[in-house]
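Hello,

Here is the structure we talked about handing over. Please open it next to this email and follow along.

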Amino acid sequence: MPQLPAPAYPADVLARLEADAKEVIARYPGSRSALLPLLHLVQSEEGFVSRTGMAFCADQLGLTTAEVTAVATFYTMYRRRAGGDYQVGVCTNTLCAVMGGDAIFDRLKEHLGVGNDEAGMTTADGKVTLEHIECNAACDFAPVVMVNWEFFDNQTPESATRLVDDLIAGRTVEPTRGAPLCSYKDTARILAGFPDRRPGAVEASGGAGAASLVGLKLAKGETAPQTRVVGPRGEAPGDQPQKGAEHLSSHDAPQQTSASDPEHPAGPAAEEGE
């Protein structure tokens with residue numbers, strides 16, 4: 001059945017988004033290059049990219065809705081359905097899986113009572129959306145969990161469970177690296193290119209962790225550190241490696257793993273409304 005036209009934004013929301021869109025588009029010599037940040041902009045309004053949001057982007061850039069839809073459905077950073085205030089992504093790519101990412105994902109599914117399909121990934125209170133994520137280039141801190149794209153390194157099923165409990169309870173949660181957490185909508189607005197005005201947030205973004213820089217030091221001919229550069233999970237780094245540990249990161253013993261979710265193999269996402 002053909003879908004009805006997407007509903008329009010309310011007049012006040014439309015005026016505000018048009019002003020923001022004008023600012024974003026002005027940054028680019030070609031207007032269609034502004035599509036990615038505009039998709040983040042409409043996601044910051046509704047928490048996902050709706051048909052209304054895609055129609056808005058198409059109108060602002062002189063594109064067809066098919067062209068906008070092709071981009072919005074290609075990138076996993078754009079939601080197609082409403083989700084929680086905190087998007088908790090568990091990396092289950094090769095190294096994170098070997099180090100326990102699958103076990104973390106299975107534990108969180110059971111603990112939160114959510115599934116592995118778009119309709120059932122968000123808790124009933126609307127606080128947390130759980131999902132698999134692809135590699136985040138933080139393999140030396142595996143297994144990695146991300147909350148609204150901020151890093152929580154060297155996780156275990158127990159620490160990840162405490163993390164989501166804190167998020168649901170509204171307690172302050174500090175990422176291992178990066179800026180303090182904000183809501184998913186606020187994160188989307190920052191990704192659209194608007195300033196992060198939270199005090200100290202920009203300075204807190206930091207750089208690569210010590211484990212990430214070992215290879216660079218070796219390439220430059222510098223002496224590699226002989227002590228652990230990442231402490232045991234949940235502990236501070238020590239001066240001496242733990243007994244039996246010769247590695248320069250936290251990867252001392254792979255975790256027992258299982259298939260990510262054999263009952264729900266990866267497949268094309270359904271369109272909104274199906």
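Over which ring does the charged end of R177 sit? The ring belongs to F141, and the charged end of R177 is 4.5 Å from its centre. One caution before the rest: this is a predicted model.

A second arginine does likewise. The charged end of R27 sits over the ring of F194. Here the distance to the ring centre is 5.3 Å.

**Sheet**

The strands come next. An open sheet is built from 4 strands, and its pairing is mixed. The order across the sheet is β2-β1-β3-β4. At the edges are β2 (128-133) and β4 (150-152), each pairing on one side only. On average, neighbouring strands are turned by 25 degrees against each other, direction ignored. Look at β1 (residues 86-91) and β2: they run parallel, joined by 6 bridges. To find the register, start at G89, whose bridge partner in β2 is E131.

**Salt bridges**

The count of salt bridges comes to 9. Three are worth a look.

Take E45 and R16 to begin with. Their closest N and O atoms are 2.7 Å apart. E45 lies in helix α2 (residues 35-46) and R16 in helix α1 (residues 11-25), so this salt bridge ties together parts that are 29 residues apart in sequence. R16 has 40% relative accessibility, so it counts as partly exposed.

Next, R189 and D20. This salt bridge has its closest N and O atoms 3.1 Å apart. R189 is in helix α8 and D20 in helix α1, so the pair links distant parts of the chain, 169 residues apart. Are the two partners buried or exposed? R189 counts as partly exposed, at 32% relative accessibility. D20 counts as buried, at 12%.

Then R198 and D196. The closest N and O atoms of this salt bridge are 2.7 Å apart. R198 is partly exposed, with a relative accessible area of 25%.

**A residue in α8**

T187 lies in helix α8 (residues 184-191). Why does T187 count as buried? Its relative accessible area is 10%, and buried means under 20%. Which residues does T187 touch, leaving aside its neighbours within four places in sequence? It is in contact with N148, W149 and C182.

**Aromatic pairs**

The whole structure holds 3 aromatic pairs. One of them is Y9 with F56, an edge-to-face pair. The centres are 6.1 Å apart and the planes are at 75 degrees. Y9 sits in the segment before α1, and F56 in helix α3 (residues 51-61). That links distant parts of the chain, 47 residues apart. Both Y9 and F56 are buried.

Y75 and Y78 also form an edge-to-face pair. The distance is 6.4 Å centre to centre, with 85 degrees between the planes. Y75 is partly exposed, with a relative accessible area of 33%. Y78 counts as buried, at 4% relative accessibility. Ring pairs join F74, Y75 and Y78 into a cluster.

Best wishes

How values were computed. Residues are numbered from 1 along each chain as its sequence is written. This is a predicted model: local features need pLDDT of at least 70, side-chain atom pairs count only at pLDDT 80 or more; totals for chains, interfaces and linings use all residues. Side-chain values use heavy atoms; hydrogens and water are left out. Two strands pair if DSSP finds at least two bridges between them. Helices (H or I, at least four residues) and strands (E, at least two) are DSSP runs, numbered from the N terminus. Axes are lines fitted to C-alpha atoms, for helices over the stretch in contact, and angles run from 0 to 180 degrees between N-to-C directions. Buried means under 20% relative accessible area, exposed over 50%, partly exposed in between (1.4 Å probe, protein chains only). Contact means heavy atoms within 4.5 Å. A salt bridge is a side-chain nitrogen of Lys or Arg within 4 Å of a carboxyl oxygen of Asp or Glu. Rings of Phe, Tyr and Trp (its six-membered ring) pair if their centres lie within 6.5 Å; planes under 30 degrees apart count as stacked, over 60 as edge-to-face and the rest as tilted. A charge sits over a ring if NZ of Lys or CZ of Arg is within 6 Å of the ring centre and within 35 degrees of the ring normal.
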